[in-house]
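Welcome! Here is a short briefing on how the helices and strands of one protein model fit together.

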Amino acid sequence: MDPIGDFLTKIRNAIKARHRIVEVPASNIKKEITKVLFDKGYIQSYKFEDVGPQGNIKIALKYNPVTKESAILSLERISTPGLRQYTSADDMPRVLNGLGIAVLSTSKGVMTDKEARNMNIGGEVLCYVY
């Protein structure tokens, strides 16, 4: 019943299984989260496919070529359908003291905690990535 939670779990499971590509059902919020992950260097590439009524997102995961370790060490869902977590610009969370990112859904779109802090807007904290 939680599409964003399912999206993050599919990525997390693909990383544990050392898959190169993961395919998830598309939605607008998932597309925006994927773009943020790509812009911040956590995934190698992505592709939106219009297959069926919903479409798919193909995500190429990023691994270190030497150590074979994933670029994403942890994906943690914060705001759930049963308990929404909102924050203001003043109380913006810092993930690993600034080394990770918090993905937020704001009135200006989906963005990271640093971008929201710079724009001085708050929103719903979707997940932490580091």
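At what angle do the axes of helix α1 and helix α2 cross? In this predicted model, the axes of α1 (residues 3-16) and α2 (residues 28-39) come within 10 Å and cross at roughly 40 degrees. Let's look at the two helices, then at the sheet, and then at how they meet.

**The two helices**
- Angles under 35 degrees count as roughly parallel and 65 to 115 as roughly perpendicular, and α1 and α2 are therefore oblique to each other.
- Their crossing is right-handed.
- On the α1 side, Pro 3, Ile 4, Phe 7 and Ile 11 take part in the contact, and they meet Ile 29, Lys 30, Ile 33, Thr 34 and Leu 37 of α2.
- Sorted by character, the residues of this contact are 7 nonpolar, 1 polar and 1 charged.

**The sheet**
- Three strands form an open sheet in the order β1-β3-β2, and the pairing is antiparallel.
- The edges are held by β1 (21-25) and β2 (43-49); each has a single partner strand, so one side of each has no neighbour in the sheet.
- From one strand to the next, the twist averages 20 degrees.
- Strand β3 (residues 56-61) pairs with β2 in the antiparallel sense over 6 bridges.
- Tyr 46 stands opposite Ile 59 in β3.

**Helices on the sheet**
- Helix α1 packs on the sheet and touches β1 and β3, with its direction at about 165 degrees to that of β1.
- Helix α2 lies across β1, β2 and β3, and runs at about 155 degrees to β2.

Definitions and conventions
Residues are numbered from 1 along each chain as its sequence is written. This is a predicted model: local features need pLDDT of at least 70, side-chain atom pairs count only at pLDDT 80 or more; totals for chains, interfaces and linings use all residues. Side-chain values use heavy atoms; hydrogens and water are left out. Axes are lines fitted to C-alpha atoms, for helices over the stretch in contact, and angles run from 0 to 180 degrees between N-to-C directions. Helices (H or I, at least four residues) and strands (E, at least two) are DSSP runs, numbered from the N terminus. Angles under 35 degrees count as roughly parallel, over 145 as roughly antiparallel, 65 to 115 as roughly perpendicular and the rest as oblique. A crossing is left-handed if the near helix is turned anticlockwise from the far one by less than a right angle, and right-handed if clockwise. Contact means heavy atoms within 4.5 Å. Ala, Val, Leu, Ile, Met, Phe, Trp, Tyr, Cys and Pro count as nonpolar, Asp, Glu, Lys and Arg as charged, and the others, Gly among them, as polar. Two strands pair if DSSP finds at least two bridges between them.
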